[in-house]
Amino acid sequence: MWDDAFPSFLIGLREGLEAGLIVSILVATLVRADAKSRLPQVWTGVLAAIALALSFGAVLTFTAANLSATAQEAFGGVLSVIAVAFVTAMVFWMRRSARTFSGEIREKVTGALGMGAGVLMLTSFLAVGREGLETALFLWTTARAAGESSGPLTGAAIGLVLAAGLCWGLYRRVLRINLTKFFTATGVVLVVIAAGVLGYGLRDLQEGGVLPGLTTYAFDLSGSVDAGSWYSTLVQGVFNLMPTMTWLQVVGYVGYLAVVLPLFVRGVRVRTPEPEPVPKPAPAPEAVSSPRHRPVWVVPVAVVAVPAVVAGLVVAFARPKPARSETVAVSETECGKGFTAPDTGRQTFRMHNTGDKTSEVYLIDPASGAVYGEVEGIAPGTTRDLVATVAGGSYAWRCVPTGAKAVTSATVHVSGGGGTVKAVVPVSENDLAAPLKAYKVYVDQGLATLETQTRQLGADIAGNHLDKARTAWLTAHRTYSSLGAAYGTFEDFDQKINGRSDGLAGGVDDKDFAGFHRIEYGLWHGQSAGELKVPAQQLATAVVGLRKAFPTQDFDPGDLPLRAHEILENALQFELTGDTDEGSGTNLATVDSNLAGTRELLTVLRPLLTKESTTLLPTVDAAVARLQKLLDSAHHGGSWTPVEQLSQPDRARLNGATGQLLEDLAPVPDLLEIRKSA
């Protein structure tokens with residue numbers, strides 16, 4: 001949060017100080033000119049400017065939220081570039097004007113004193129309004145880059161409060177600040193921050209399909225930099241520098257700095273003396289005012305209400321509406337009743353179950369069966385909303401009542417554009433049958449190998465060859481660790497084979513502590529062959545029992561996509577923390593085997609994943625190779641570096657690479673979810 005707050009704090013401080021100085025000069029000039037009665041006109045203009053800025057921020061927030069994901073990226077990218085242009089212009093203007101702008105403002109106010117109330121109000125409104133709009137735009141872009149609003153808003157609020165305090169101090173003449181140096185120093189920092197915002201905006205435009213090169217990376221440091229570390233979070237939050245950046249981002253970032261920073265610094269070197277204080281102006285006569293015909297509160301309320309109402313109308317008209325607010329029926333006999341061609345864009349459909357069975361409903365492409373949106377478990381007589389993005393094309397509803405056949409509605413054709421809409425091709429149990437069969441063969445072969453290896457482990461222990469037993473233990477344990485996707489079918493065998501002492505009343509001495517970790521504890525804590533003989537026999541017996549039982553056990557095909565990331569989730573939680581180490585220091589060997597099991601699972605799922613997504617597997621393969629390289633660097637002959645002996649940077653890189661791979665694997669369960677619409 002706080003790393004995301006700094007850029008907004010700086011912009012709030014600068015813009016707040018700039019606007020506050022202008023207001024304080026306006027007020028001071030009026031007070032010295034004995035025109036205090038004109039002060040409400042200044043504050044009315046300030047209030048109008050604040051209302052305009054808040055309304056502008058609301059329009060940005062709520063109109064963007066109603067766009068499709070791709071359009072949101074493009075919209076955010078465009079506004080990021082605009083924000084960079086505004087900030088750049090602002091820092092150059094302040095560098096040039098910081099020495100003289102107080103005198104200029106006094107001259108304008110002195111001239112406005114002799115004119116109507118509207119001119120003075122307009123002067124203060126224009127003076128503050130620009131800073132308000134720039135602040136709103138910059139805050140919106142930084143909040144979007146941060147992925148949350150609390151940090152940027154908190155930072156901006158602190159900056160604005162501090163700016164108000166400084167302006168009050170300057171007005172009361174209790175503070176002296178060299179404004180030229182202040183605006184110069186903060187200008188340099190803002191130029192660097194703006195370069196990061198530009199880089200982020202370019203990435204948004206790439207993700208929105210406006211600019212090319214989304215997968216053309218200039219560098220990828222995710223395998224060597226822990227994205228979750230404090231220093232990485234700080235750099236990302238303040239400067240928008242990511243561990244992975246495209247060539248366009250890098251060129252934009254470096255190019256902006258190479259052009260703007262030298263120009264800014266070169267201009268700073270041209271020093272001019274501070275201007276002499278402007279003499280106190282002569283008192284100006286009070287403007288003759290006509291008799292009041294309206295209450296004094298009318299104008300302040302109006303200047304706040306008008307931008308708020310306008311913003312509300314913009315948001316209301318920009319918000320996509322449900323398809324004519326029609327309710328679409330879901331049942332065996334009325335599937336899709338009431339459905340007519342919707343408008344393009346993000347739509348909300350009200351799905352009402354008119355049947356007597358709980359149903360699932362899918363908005364599909366009738367030609368391919370691809371799913372655009374879905375709602376599960378609509379009870380009889382109830383209504384649920386289904387939100388989907390619609391583009392030009394053909395659409396139909398597929399209703400799947402519980403225990404009944406799927407029913408497809410008539411096809412509706414939508415004309416017009418609306419961009420590209422991503423749909424998920426549904427996967428059926430039959431689609432997963434071949435991958436499941438292939439994976440069962442892999443597990444069955446692994447269990448046969450494991451049976452041989454555990455027998456050898458038992459023989460080494462029985463023969464009192466404990467050094468050989470340690471090697472045999474690691475070999476067998478790695479084989480078992482590579483079968484992670486099948487753990488859900490192993491039932492109580494897993495506790496007997498790979499149980500942990502955690503949660504047992506007696507800990508490592510508990511009679512129920514069994515399997516690989518029980519033997520590991522004994523082998524690396526000086527227990528004798530006699531003490532380990534029974535646990536070794538129990539392990540071998542459990543493996544034999546599992547091998548016999550596995551062919552008859554129920555292996556849900558839907559488990560395969562889930563295990564794609566669950567194997568490594570366990571590795572990150574238990575192995576890379578060292579929680580499962582009972583003395584061997586081989587957690588990284590286990591992670592290596594977990595990765596091998598994940599790779600095998602991806603091999604059997606590869607044909608389906610390739611059909612569902614053309615970009616997923618190349619990304620995942622690169623992440624797998626990155627993690628494998630890090631694990632290989634910790635493997636030295638027959639030994640592995642214990643987790644606790646890794647250097648902090650190496651450990652951070654391992655955790656970061658594993659976390660990145662988990663993130664890349666996260667879409668697999670949704671892509672390969674078994675849907676009844678298939």
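**One sheet and one cavity**

Strand β4, residues 345-353, pairs with β7 in the antiparallel sense, over 8 bridges. I should say at once that this is a predicted model. To pick out one position in that pairing, T348 has V387 in β7 as its bridge partner.

These two strands belong to an open sheet of 3 strands, in the order β3-β4-β7. The pairing in the sheet is mixed. Which strands are at the edges? They are β3, residues 327-330, and β7, residues 383-390, and each of them pairs on one side only. If we ignore direction, neighbouring strands in this sheet are turned by 40° against each other on average.

Now to the empty space. Rolling a probe the size of a water molecule over the atoms shows where such space is left. How many cavities of 30 Å³ or more does a search of the whole structure find? The search finds 1. The largest cavity holds about 50 Å³ of space.

Which residues line the largest cavity? From the start of the numbering, they are W473 and H477, then H517 and E520, then E575, T580, D581, S584 and T586, and finally N587 and T590. Three elements give two or more residues each to this lining: α12, which covers 466-481, α14, which covers 516-523, and α17, which covers 587-612.

What classes of residue make up the lining of the largest cavity? There are 7 polar residues, 3 charged residues and 1 nonpolar residue.

So much for the sheet and the cavity.

Terms used:
Residues numbered from 1 in each chain as written. Predicted model: local features only at pLDDT ≥ 70, side-chain atom pairs only at ≥ 80, totals over all residues. Heavy atoms only, no water. 1 Å grid on protein atoms, 1.4 Å probe; cavity = no way out; pocket = protein on both sides within 12 Å on 5 of 7 lines; lining within 4 Å. Points joined across faces, edges and corners; volume = space filled by probe spheres on them. Helix = DSSP H or I, 4+ residues; strand = E, 2+ residues; numbered from the N terminus. Nonpolar A, V, L, I, M, F, W, Y, C, P; charged D, E, K, R; others polar. Pairing = 2+ DSSP bridges. Axes fitted to C-alpha atoms, helices over the stretch in contact; angles between N-to-C directions.
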